[in-house]
Amino acid sequence: MDASEDILRKAMAEKQSALEAQGNAVRMMKTTGATKQEIDAAVEALNGLKLEKASIERQLQAAISGSEGSLNREAFRQAVVNTLERRLFYIPSFKIYRGVAGLYDYGPPGCAVKSNVLAFWRQHFVLEENMLEVDCPCVTPEVVLKASGHVEKFTDLMVKDEKTGTCYRADHLLKDFCNEKLQKDLSITPEKAAELKRVLAVLDDLSAEELGSKIKEYDITAPDTKNPLSDPYPFNLMFQTSIGPSGVSPGYMRPETAQGIFVNFKDLYYYNGNKLPFAAAQIGQAFRNEISPRQGLLRVREFTLAEIEHFVDPENKAHPKFSEVANLEFLMFPREEQMSGHSAKRIPLGEAVSRGIVNNETLGYFIGRVYLFLTRLGIDKNRLRFRQHLANEMAHYAADCWDAEIECSYGWIECVGIADRSAYDLRAHSEKSGVPLVAQEKFPEPREVEKLVINPVKKDLGLAFKGNQRMVVEALEAMKEKEALEMKYNLESKGEMEFYVCTLEKEVTIKKNMVTISREIKKEHQRVFTPSVIEPSFGIGRIIFCLFEHSFYLRPSKAGDEQLNVFRFPPLVAPIKCTVFPLVQNQKYEEVSKVISQSLTSAGISHKIDITGTSIGKRYARTDELGVPFAITVDSTSSATIRERDSKDQIRVNVEEAATVVKDVTDGRRTWEDVWSTFPHHSSGSADE
């Protein structure tokens, strides 16, 4: 718990006790015949305690709410969302039919921001890292998603209103209960607050039974009806469909884009000259049938993912460009800090890798690249952290996983996942398809090597374990040398041993006839192996929503009688880079504006020309609300002013120079500070009135 909040909760509890004791004392004095002077003094002390309690309540509420300037989080969010919907950045889909939860349409400025974010993603990752971009279908055959584990395990825990049948996501109900208690119930003890925060910290790790137990313990009911809830049970989040008219070929709308890359590994590896490492990338739509979608763009049923699968030799996860990001220092939240109740802290990335906090250089390199991508988009680096998955949060096959979490009005939101998935995905598809998805390392000279050979006897294992045979075989083949030698000793001395199969989550009995383990000398000309994969996965809608919030602020009008909305988008992602205004309605100025507009078009600068008679101040305010970084105002036939959005500073340039100056700044070749120091300054009493 935050130290100041903890102190205030303790002070609140002490003041409440003192208040109750003083209240009892006043009542006692009245019943025992104390003098009026004594009673008045006691009542005055009681009122003083009430004032002190009210003061502590205000301080505690301020500490809890995490205000955005003068606005609390909810009011701030509402101001942002109202502006976004009014200016058509995004709106609920099918609005005239009352909409559908979890589906949104991007309007013109929203489409432009999204397009700019994706264009920068391609430049920052696909082009700079020489990745292979693919585009795979959204409809995926069932067999592919069975192999990946999605058909069986891509679930969230759901509860139902026992009377109406309305469905809710179980962890969301528990999360909402804990947050509401922490934010609105100022009377809870510091111990209770710490308990609720612990529940929030481990929420993702709770089993169905643990979730159900907490829901019962806290007496959580259906939000709309207050009816009792069912026990939590799994609900598969994929949209099911049929491929073709016969209905015999089941499929699903893909829940992620990654599987299309994995199944194409063999061809991509060949295309890359049979060389590792290499990365494949894909941008596309994904679909998840969310139980109770909410939080706007953060939790939707159709969304854009941008995913990278970087294939690497599992025995060499060094990265040749790691030194380029090693000196970056940013907020990291290792699992040890989470388990001990500490906060995220700034750690140099090179130190995190060298100390083993981050598993390997390639994973660390992509964490660094993700940090640079997000901060260059306009994400506040002080509200960005990289949180490591807890041990019981990771899949059994994963080597290490980190989430880039961005703080917004909803709290810390996972926007990018960066995971070392080992070789699980390629092995799973190799097993299911029968096609080996492997890489080779050819040796200059043949090598004689002593190898520990594990040969599961599939016939005997099939008789013993039937449908679970494949998982037992995989577990046996995946044994490390120490574990295999221990099994060999036990089988030879005892004839059988208990063996834990993680995919079955239980121990099975392995007998001597079921597996042979031996050391053999083999001559090898090449090494054949299944590559590991490092996967950065970006939720584009979530990043954009956080960018909207991080870019939004209010500033007073020049008259001071209203607050104006502004989005401080960097030119990189701004929906429109520049506006062109004639200062007044004048035929000559309008002609010059059209000449500048043509120059901007030729330079590839998105812009908007406004020749309405509205005052220049109102036109500036309108474009500030869209996040347009620059405005060119034509007030003569030979020159114009260029205004920068956030400082409201203006320079004067020749008409022929205007497009070039804007192009240089929006492309990052020059900074506004550089331009400001180069060109004459302009000030106008009418601007921004």
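**Reading K53, the cores and a small open sheet**

Author: Setting aside neighbours within four places in sequence, K53 is in contact (heavy atoms within 4.5 Å) with M12, K15, Q16 and L19. This is a predicted model, in which local features need pLDDT of at least 70 and side-chain atom pairs count only at pLDDT 80 or more, while totals for chains, interfaces and linings use all residues. Residues are numbered from 1 along each chain as its sequence is written, and side-chain values use heavy atoms, with hydrogens and water left out.

Reader: Why is K53 called buried?

Author: Buried means under 20% relative accessible area, with exposed over 50% and partly exposed in between, using a 1.4 Å probe and protein chains only; K53 has 18% relative accessibility and therefore counts as buried.

Reader: What makes up the largest nonpolar core, and which helix gives the most to it?

Author: A nonpolar core is a set of buried Ala, Val, Leu, Ile, Met, Phe, Trp, Tyr and Cys residues joined through side-chain atoms within 4.5 Å. The largest has 72 residues, and W121, F373, L374, F386, F538 and F548 have the most contacts inside it. Helix α14 (residues 361–377) gives the most, with 10 residues, a helix being a DSSP run of H or I of at least four residues, and a strand a run of E of at least two, numbered from the N terminus.

Reader: Why do β4 and β8 count as edges?

Author: Two strands pair if DSSP finds at least two bridges between them, and 3 bridges join β4 to the antiparallel strand β9 (residues 250–253). In the open sheet, ordered β4-β9-β8, β4 (139–141) and β8 (240–242) each have a single partner strand, so one side of each is left without a neighbour in the sheet.
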